[in-house]
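Ready for some practice in reading a protein model? Work through each exercise with the structure in view, and try it yourself before looking at the solution.

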Amino acid sequence: MGPDEPTWSLGIEEEYQLVDLDTGALVAKQPPGLLEKVADLRHGLVARELFSSQLEIATGICTDVKYLRADVGLLRLAVTEAAAEYGLAPIAASTHPFAQVNQLEYSEGERYQALVEDLQGVSRQLVISGLHVHVGIEDPELRIDLMNQASYFLPHLLALSTSSPFWEGRDTGLRSYRTTLFSTLPRTGFPDKFDSWSEFRRHVDVLVNAGIIEDSSKVWWHIRPSERYPTLEMRVADLPAKMEDTICIAALYVCLLRMLWRLKSQNRRWRSYSNFLLSENLWRAQRYGIGGELIDFGKGELAPFTDLVAELVELVRPDAVALNCVAEVEHALTICERGSSADRQLAVYHNALTEGASEDEALRAVVEALVADTIAAPEA
């Protein structure tokens with residue numbers, strides 16, 4: 001690592017949904033004391049979310065992908081063990097297969113009440129969970145430059161992570177319905193291209209000074225500079241059920257950023273494309289997941305997503321070697337072979353129907369598979 005190279009430190013936030021082990025349904029209200037039990041097991045890195053049926057875990061600052069995997073694994077285990085005392089289990093998925101959102105309760109507290117007051121009926125759609133990955137980039141100018149370029153790869157990360165094919169008991173036809181729901185919020189989507197850190201701050205400060213937002217934490221782009229930390233936060237991803245998929249996506253993200261930094265150090269850079277074009281690829285990732293095609297803008301044609309992932313793995317291989325995460329990055333090929341969480345959920349659902357299950361029974365089978373995958377041992 002050279003003197004000007006970022007630390008590439010990592011942190012992950014995962015948002016889980018709590019289900020009743022007997023019925024598979026989301027809990028309407030979180031049991032009192034659950035968060036405290038998780039905190040006792042795992043150093044307090046747990047928080048409430050907008051709905052009482054959700055909670056969020058956050059890792060510490062990790063200097064290596066191996067440490068990140070250990071942290072996520074311990075946090076998932078802590079939540080699972082604490083929830084089991086109440087007859088509950090966490091699921092790592094961006095939507096619950098059959099929850100009826102009007103039956104769920106908001107979390108208590110001024111922060112959540114203010115959010116509901118601001119968003120009104122849109123807030124009812126936010127029974128969704130995501131994966132956020134922070135990468136340490138200490139230089140704010142570099143943070144903005146890499147944000148501008150990394151937007152190109154966000155559809156690829158979304159496709160690998162897709163885990164929300166169902167909404168309120170129906171197959172939506174999308175691999176990531178969460179992306180549709182989240183896009184109804186203000187200040188979402190791809191960020192504009194900014195020439196500097198100060199230009200980014202000037203834009204945010206227009207809203208802050210007008211009293212619309214308190215700070216940039218209310219800017220919910222697919223990728224953004226963190227308000228609290230010197231990191232570039234990736235927020236586009238669904239929440240994968242399998243922990244190894246989460247770690248793969250984090251590893252691929254940090255390696256993509258290092259690849260872009262490496263090009264910059266050679267006076268090269270990734271070609272910039274408009275948000276209009278990037279949004280088309282995001283839609284294709286959202287709709288088809290890993291089984292579809294994305295536009296290869298360099299060639300100006302559609303290409304199978306699996307081919308593009310194979311190219312990405314080779315593109316960042318020097319960076320994966322440097323960051324000691326080759327196996328984690330190569331796991332993206334495994335995801336392409338066996339499917340994302342969305343693919344598995346749909347397979348469980350249709351297999352159950354084929355075997356004579358009712359719609360309700362098939363959806364319950366999906367929840368049972370999600371519970372199993374959330375705390376599953378690493379794949380061989």
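## Exercise 1: Two helices side by side

In this predicted model, helix 5 and helix 8 run roughly antiparallel to each other. Work out which numbers lead to that description, and find the residues that meet.

**Solution.**
- Step 1: Start with the axes. Those of helix 5 (154-161) and helix 8 (residues 243-265) come within 11 Å and cross at roughly 170 degrees.
- Step 2: Compare the angle with the cut-off. Angles over 145 degrees count as roughly antiparallel, and therefore this pair is described as roughly antiparallel.
- Step 3: Look at the contact. From helix 5 come L157, L160 and S161, and they meet I249, L252, Y253 and L256 of helix 8.
- Step 4: Sort these residues by type. The contact has 6 nonpolar residues, 1 polar and no charged.

## Exercise 2: Checking a helix

Test whether the length of helix 9 agrees with 1.5 Å a residue, then describe its surroundings.

**Solution.**
- Step 1: Helix 9 covers residues 275-288, which is 14 residues.
- Step 2: The expected span is 1.5 Å times one less than the number of residues, so helix 9 should span 20 Å. Its end C-alpha atoms are 20 Å apart, in agreement with that value.
- Step 3: List the buried residues of helix 9: L278, N281, L282, R284, A285 and Q286.
- Step 4: Ask what covers them. The cover includes helix 5, helix 6 (177-182), strand 10 (293-296) and strand 11 (301-304).
- Step 5: Step past the end of the helix. G289 follows helix 9, and its phi is positive, near 65 degrees.

## Exercise 3: One glutamine

Decide whether Q345 is buried or exposed, and name the residues that Q345 touches.

**Solution.**
- Step 1: Locate Q345 in helix 13 (residues 341-354).
- Step 2: Buried means under 20% relative accessible area. Q345 has 3% relative accessibility, so Q345 counts as buried.
- Step 3: Leave out residues up to four places away in sequence; Q345 then touches A93, S163, P165, F166, V366 and L370.

## Exercise 4: The whole chain

Find out how the radius of gyration of the protein chain compares with that of a compact globule.

**Solution.**
- Step 1: Take stock of the chain, which has 14 helices and 11 strands.
- Step 2: For 380 residues, a compact globule would have a radius of gyration near 21 Å; the chain has 20 Å, which agrees.
- Step 3: Add the extent of the C-alpha trace, about 60 × 45 × 40 Å along its principal axes.
- Step 4: Finish with burial: buried residues make up 56% of the 380 residues.

Key. Residues are numbered from 1 along each chain as its sequence is written. This is a predicted model: local features need pLDDT of at least 70, side-chain atom pairs count only at pLDDT 80 or more; totals for chains, interfaces and linings use all residues. Side-chain values use heavy atoms; hydrogens and water are left out. Helices (H or I, at least four residues) and strands (E, at least two) are DSSP runs, numbered from the N terminus. Buried means under 20% relative accessible area, exposed over 50%, partly exposed in between (1.4 Å probe, protein chains only). Contact means heavy atoms within 4.5 Å. Axes are lines fitted to C-alpha atoms, for helices over the stretch in contact, and angles run from 0 to 180 degrees between N-to-C directions. Angles under 35 degrees count as roughly parallel, over 145 as roughly antiparallel, 65 to 115 as roughly perpendicular and the rest as oblique. Ala, Val, Leu, Ile, Met, Phe, Trp, Tyr, Cys and Pro count as nonpolar, Asp, Glu, Lys and Arg as charged, and the others, Gly among them, as polar. The radius of gyration is taken over C-alpha atoms; the globule rule is 2.2 Å times the number of residues to the power 0.38.
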